[in-house]
Amino acid sequence: MIADADNALDRADTVAATRCDHCAQPVPAGLIEPGSERQFCCPGCRAVYETIRACGLDSYYRLRDAAEATFKPAAPGAGSFDVFDTPAFEGLYVTNDDTSRTKHVDLILEGVTCAACVWLVERLPKVLGGVLEARLSLREATVRVTWDPTRVTLARIARTLDAFGYTPHPAKGQSRKHLLVKDERRRLVHLGIAGALMGNTMLLGFALYAGLPAGMEGPFRTLFRWLSAALGVVALTWPGGVFFRSAWAAVRTRTINLDVPITLALLVGGVAGATNVVLDRGEIYFDSLSVLVFLLLVGRWFQYRQQRRADAAVELLFSLTPATCHLVAEDGRVTDAPVEALKAGDLVEVRSGDLIPADGTVVTGRSAVNQALLTGESVPTEVAPGSAVSAGAQNVGSVLRARVDKVGQGTRVGRLMSLVERGLAEKPSIVQFTDKVGTAFTAGVSLGAAAIFAYWMNRAGVTPAIDHTVAFLIVTCPCVLGLATPLTLALAIGRLARADVLVKSGAALERLARGGRLILDKTGTLTEGRLELAEWHGDASLRPVVAAAERLSSHPVGKALVGALGDSPVVPQPADVIERSDGGVRTTLDGRTLLIGSPTFVTRQGASICPEFDGRRRALEADGATTVLVAVDGRCAALAALRDRIRCDTAYALAALRRLGYQPSILSGDAVPVVQSVATRVSVPADHATGDVSPEDKLAFVHRSAADGGMTVMVGDGVNDAAALAAAGVGIAVHGGAEASLAAADVYIARPGLAPLVQLVETARHAMRVIRRNLLVSLSYNVLAGALAATGVMTPLIAAIIMPVSSATVLCLAALAITKRKAD
Amino acid sequence: MEVIFIVLPLALVLAAVACAAFYWAVQRGQYDDLDTPPLRILFEDSRPTDRPAAK
């Protein structure tokens with residue numbers, strides 16, 4: 001008995017251990033081929049494995065096994081990629097190199113994970129003649145391919161990459177990326193130069209300090225002082241110029257940020273140091289000042305890099321959204337074309353599951369389109385020839401052909417995007433914590449400096465008064481805060497990015513930590529965005545028949561019915577299934593006529609609804625459900641109610657968010673009863689749930705709650721949420737959202753559900769606690785150093801020691817807080 | 001110790017050369033991607049075209 005159990009366990013282990021030879025994921029039990037040397041989890045992986053073997057690139061697997069990354073099953077065969085050879089595509093993405101008569105393009109690859117991918121992709125020139133070079137950047141998952149157009153076509157290159165399991169997409173937004181790269185390089189140069197200057201000034205400073213007790217010969221001392229001054233002035237004006245510009249910009253708009261007290265210290269120190277060098281008297285402060293500039297730049301560099309990473313990850317998602325559509329030519333041939341190349345008057349074919357590429361009018365075909373991302377409606381709309389369709393809606397029914405009416409700015413999405421710009425412009429300016437501290441600092445330091453100057457003026461005259469005031473101003477520079485705050489934020493952003501929460505700005509974290517109003521969009525955020533059977537009334541024997549009749553339906557209602565009812569065997573099969581475009585299915589079963597569809601469809605087809613069913617239907621519809629009636633020979637026999645299911649973690653997440661100081665409310669474009677029903681089920685009070693809201697109303701709602709005071713956090717996924725996301729204190733776009741909402745939001749959560757939102761708020765609060773603690777420590781250092789300077793005890797040597805020590809303490813505290821958090 | 005009048009400026013000139021080299025490297029994009037090149041250097045080039053590759 002026990003032995004048997006052990007055997008069973010052993011067998012379970014071997015089954016679990018059977019892994020796909022391509023992607024190393026477990027192979028589903030049904031796909032294991034006994035006796036075969038190679039096992040694959042899906043046909044995609046098999047195809048890729050065979051391609052790689054055929055090209056003699058098996059070393060890939062050796063490299064991959066060493067990399068310890070997790071892989072996803074490969075999905076080759078994503079298309080013909082013919083569109084990559086069209087002139088429109090070339091004009092948009094391909095760069096010509098005229099001197100060498102080659103072309104190059106940046107392609108974003110899906111499925112790039114580790115070093116082995118770099119190796120495999122960069123073997124491309126050896127596999128495909130005519131490809132001159134392929135360079136993959138792991139961080140950006142982007143490959144730059146250079147090829148000879150006389151020998152190979154780009155479509156062929158794309159197909160080869162696809163056959164290796166990396167589906168290529170053209171990299172969008174290259175002009176913006178170019179600017180970002182330039183910015184990043186500028187910052188890096190500043191950092192490097194500031195570091196070199198700091199090192200050299202410190203060397204000179206050491207020599208000067210070492211010479212203090214013994215006394216240094218005049219000419220050497222002068223040389224050292226002048227050289228320090230020269231290096232220090234370069235450090236202040238070139239890399240340090242960033243602070244001066246930022247402070248000047250703040251002063252010009254009559255605000256104060258943290259750069260103002262920093263600039264004050266740098267400026268006073270620089271002027272006093274230079275004067276003392278020229279007059280050959282007193283202290284020069286350039287060693288301390290150049291250290292300051294370098295440390296401040298280090299903190300900023302880290303925060304900038306983390307934000308860039310999050311930003312790049314969002315850009316990547318942008319590029320993965322399909323950029324091609326099916327264009328119908330004059331002669332009826334269907335070709336692939338880039339969406340950007342569409343013109344008004346073009347005829348496009350929209351297949352089932354495709355997004356509609358532009359605003360247009362349906363010419364042929366009857367289908368249903370899902371506008372959830374555009375309007376928030378969870379129930380698809382029926383379309384027929386003559387109906388208008390909007391760009392961004394998804395065709396969930398059969399094939400449609402549509403005439404393009406408007407493209408770009410003229411489309412509905414284009415208009416929504418201009419609304420987003422308005423939202424961004426009207427974003428409430430919330431004073432950042434560090435800026436508040438900066439204001440307090442500036443006020444305190446100015447008062448202190450004035451008092452010290454006055455005191456020493458009375459006691460000892462102008463020269464010591466100036467000396468002590470300058471020393472005070474320099475040692476109280478809030479450099480620790482300027483370094484530790486961005487570092488803490490950078491660590492928090494980095495940790496969130498590993499949990500698939502992409503934060504585009506540190507300011508968003510600070511705002512999130514405050515708590516306030518949490519406005520949630522319904523579709524896709526609280527719910528799964530997919531219909532499910534909730535109730536069935538009437539004749540239960542009809543259930544398998546309905547499932548069989550709806551089996552071929554592509555309508556979401558039909559799919560939901562098949563999903564819920566489809567597992568029982570069907571005897572007898574219904575015959576003559578006709579899916580009607582006006583909302584239902586007509587079929588015959590044993591000579592009886594069956595009608596399955598919306599109440600309007602069933603009544604229009606001549607069936608009568610008995611009062612009992614009608615009453616129940618009304619009650620269900622008032623409660624936000626979608627109803628389907630089944631009529632047999634003109635008499636109503638069954639009633640099904642479908643609902644958009646609520647995500648399983650929603651209730652838990654909302655409770656956690658309430659604890660963290662948020663009041664949730666729901667704002668949705670869906671019908672009022674649906675919204676109210678969802679609100680009741682997730683225990684949000686009815687007066688905090690509003691339905692049937694237009695994008696403009698959402699924007700206005702966000703403005704109103706911002707005017708009430710307090711933070712407004714908006715969570716949404718649709719194009720209709722984009723403007724509100726942009727205008728809210730913090731806009732959070734969630735998994736599966738539209739491109740527009742990604743662009744408008746401060747944070748993007750790349751995992752489904754609300755649980756990551758809880759993690760986001762918790763991390764934000766933790767980061768703010770660490771920042772406050774750092775502030776306290778650095779303030780006590782400042783008070784101590786300021787007191788020493790004020791009493792005239794402070795020597796430049798003590799200042800040069802205290803400043804790095806205080807920085808080190810605070811940095812250690814910040815690092816400790818983060819590592820401790822990791823251990824939890 | 002008068003040598004310091006020559007050595008010290010010389011050292012600074014060297015530092016300036018290093019800075020110029022750093023500037024050049026950054027502008028050439030050598031710091032744009034720090035993740036991929038350290039991996040690339042480890043690959044052995046097995047030259048699959050030399051082997052009897054399956055056609």
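In this predicted model, helix 11 of chain A runs over residues 259-279, and a simple length check works out nicely. At 1.5 Å a residue, its 21 residues should span 30 Å, and the C-alpha atoms at its ends are indeed 30 Å apart, so expectation and model agree. Just past this helix, the backbone at A:Asp280 takes a positive phi of about 55°.

Helix 17 of chain A, covering residues 479-498, can be put through a similar check. Its 20 residues reach 29 Å from the first C-alpha to the last, close to the 28 Å expected at 1.5 Å a residue. This helix is mostly covered, with 16 of its 20 residues buried. Here too an aspartate comes up at the end: just after helix 17, A:Asp500 has a positive phi of about 65°.

Chain A also holds an open sheet. Six strands line up in the order 7-6-8-14-9-12, with antiparallel pairing. Strand 7 (334-338) and strand 12 (388-389) of chain A sit at the edges; each has a single partner strand, so one side of each is left without a neighbour in the sheet. Further in, strand 6 (residues 324-328) and strand 8 (residues 347-350) of chain A pair in the antiparallel sense over three bridges. Looking at individual residues, A:His326 has A:Glu349 of strand 8 as its bridge partner. In general, the strands of a sheet pair through backbone hydrogen bonds, either parallel or antiparallel.

Chain B is put together with two helices and zero strands. As for burial, buried residues make up 0% of the 55 residues in chain B.

How values were computed
Residues are numbered from 1 along each chain as its sequence is written. Chains are lettered from A and ligands numbered from 1 in the order in which they are written. This is a predicted model: local features need pLDDT of at least 70, side-chain atom pairs count only at pLDDT 80 or more; totals for chains, interfaces and linings use all residues. Helices (H or I, at least four residues) and strands (E, at least two) are DSSP runs, numbered from the N terminus. The expected span of a helix is 1.5 Å times one less than its number of residues. Two strands pair if DSSP finds at least two bridges between them. A residue is buried if 20 or more other C-beta atoms lie within 10 Å of its own, exposed if 12 or fewer, and partly exposed in between; C-beta atoms are placed from the backbone.
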